[in-house]
Amino acid sequence: MNIMDFNVKKLAADAGTFLSRAVQFTEEKLGQAEKTELDAHLENLLSKAECTKIWTEKIMKQTEVLLQPNPNARIEEFVYEKLDRKAPSRINNPELLGQYMIDAGTEFGPGTAYGNALIKCGETQKRIGTADRELIQTSALNFLTPLRNFIEGDYKTIAKERKLLQNKRLDLDAAKTRLKKAKAAETRASSEQELRITQSEFDRQAEITRLLLEGISSTHAHHLRCLNDFVEAQMTYYAQCYQYMLDLQKQLGSFPSVYHCNNNQTSVAPIPSASSNVIGSSPLTSTSGLVITSPSNLTDLKECSGSRKARVLYDYDAANSTELSLLADEVITVFSVVGMDSDWLMGERGNQKGRVPITYLELLN
């Protein structure tokens, strides 16, 4: 028998097996043939594996969306990954915003309050962008990759063996059906022999599938460790962002906003970020846990006679000619004037004199 004859016979046998399985499957669906049921333990393992696969895919895809909201960028990264090539580095949104702020601040002038504040904000946004990049890299390595390896590796092997088990089960039930229909003794003996073989193959495949499925518990334990790594990466990222913004808030205390009434142009003293040493203020705690300041009794200051020295806590740009610009840490002379708003004092530096907001001062003994 030559190779061609062997291949023809093999193809004919395969076609016969496929046809037998198809007939058995169809008759089962129509309720015309019996079906061998898997044991309850194996069914539970199969259900657990399928559930693990479905939720792992959903978690993996949504994590990818969380880390990279841009769908076009995700597609590009997927293509480069399939080509086994490194995707080109691109600037992320915080970094781009930071660069725009720095460019705007440079054009407005680093010496101006707004320009300087923009530059500081831009630098912070760039640091957040760097932290965001590190979060993506760490999460992809420690969380997404293990999930993807399960879907594309372990579960594919399970699905392959599960399909093979299904085929062996169909072969077994088809053999049982033929044995029931066999009438002649010779045909019956042949059917019994076929049944023993298919039963043995089915039992062997069921055991192989069961051993693979029992590994799902180990997969869950591994994914739990990966989840802890992901949470730790997020914790590091958000802690960095919080610290960056906290530092930025302190820096921006040097660039307070000054509001004016549209009707009479009366200046209202701005309240800086946070300080427990500001004149006429006491620390209060907000629901978010941040310390803020609010005006309180200024009797001791108003009742003091003559002038007092005061240290400037924050830079302040005069809004008009009646006010005095201030520089942080300088010492000036202050005194009260009858009829002046309680939020303001008269400040004096050499030959310069003007109103100054009390929230920017600390009285010196």
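A residue is called buried when its relative accessible area is under 20%, exposed when that area is over 50%, and partly exposed in between, with a 1.4 Å probe and protein chains only. The structure described here is a predicted model, in which local features need pLDDT of at least 70 and side-chain atom pairs count only at pLDDT 80 or more, while totals for chains, interfaces and linings use all residues. Residues are numbered from 1 along each chain as its sequence is written, and side-chain values use heavy atoms, with hydrogens and water left out.

The protein chain contains eight helices and nine strands, where helices (H or I, at least four residues) and strands (E, at least two) are DSSP runs numbered from the N terminus. Of its 365 residues, 33% are buried. The accessible surface, obtained by the Shrake-Rupley method with a 1.4 Å probe, comes to about 22,800 Å², and carbon and sulfur atoms contribute 56% of this area. Among contacts (heavy atoms within 4.5 Å) with a separation of 6 or more, 63% are made by residues 24 or more positions apart.

Helix α7 comprises the 37 residues 216–252, and its end C-alpha atoms lie 53 Å apart, in agreement with the span of 54 Å that is expected at 1.5 Å a residue; the expected span is 1.5 Å times one less than the number of residues in the helix. The buried residues of α7 include I216, H223, C226, F230, Y237 and L248, and the cover over the buried residues of this helix includes α2 (40–67), α5 (113–181) and α6 (185–213). For α6, with 29 residues, a span of 42 Å is expected at 1.5 Å a residue, and the separation of 41 Å between its end C-alpha atoms agrees with this. The residues buried in α6 are S191, L195, T198, F202, Q205, A206, T209 and L213, and their cover includes α2, α5 and α7.

Residue E95 belongs to helix α4 (residues 93–108) and is buried, because its relative accessible area is 13%. Its side chain forms a polar contact with the side chain of R133 at 2.4 Å, a polar contact being a pair of N or O atoms within 3.5 Å, of which, within protein, one must be able to donate a hydrogen and the other to accept it, residues adjacent in sequence counting only if both atoms are side-chain atoms. When neighbours within four places in sequence are left aside, E95 is in contact with Q125, K126, G129, T130 and R133.

Two cysteines are also buried, C121 with a relative accessible area of 17% and C226 with one of 4%. The structure holds zero disulfides, a disulfide being a pair of cysteine sulfur atoms within 2.5 Å.

Among the strands, β5 (308–312) pairs with β6 in the antiparallel sense over four bridges, pairing being assigned if DSSP finds at least two bridges between two strands. Within this pair, V331 in β6 is the bridge partner of R311. Strand β5 is also joined to β9 (residues 361–363) by three bridges, again in the antiparallel sense, and V312 stands opposite L361 in β9. The loop between β5 and β6 (331–335) holds S321, which is exposed because its relative accessibility is 73%. The C-alpha atom of S321 is separated by 9.2 Å from that of R355, although the two residues are 34 residues apart along the chain.
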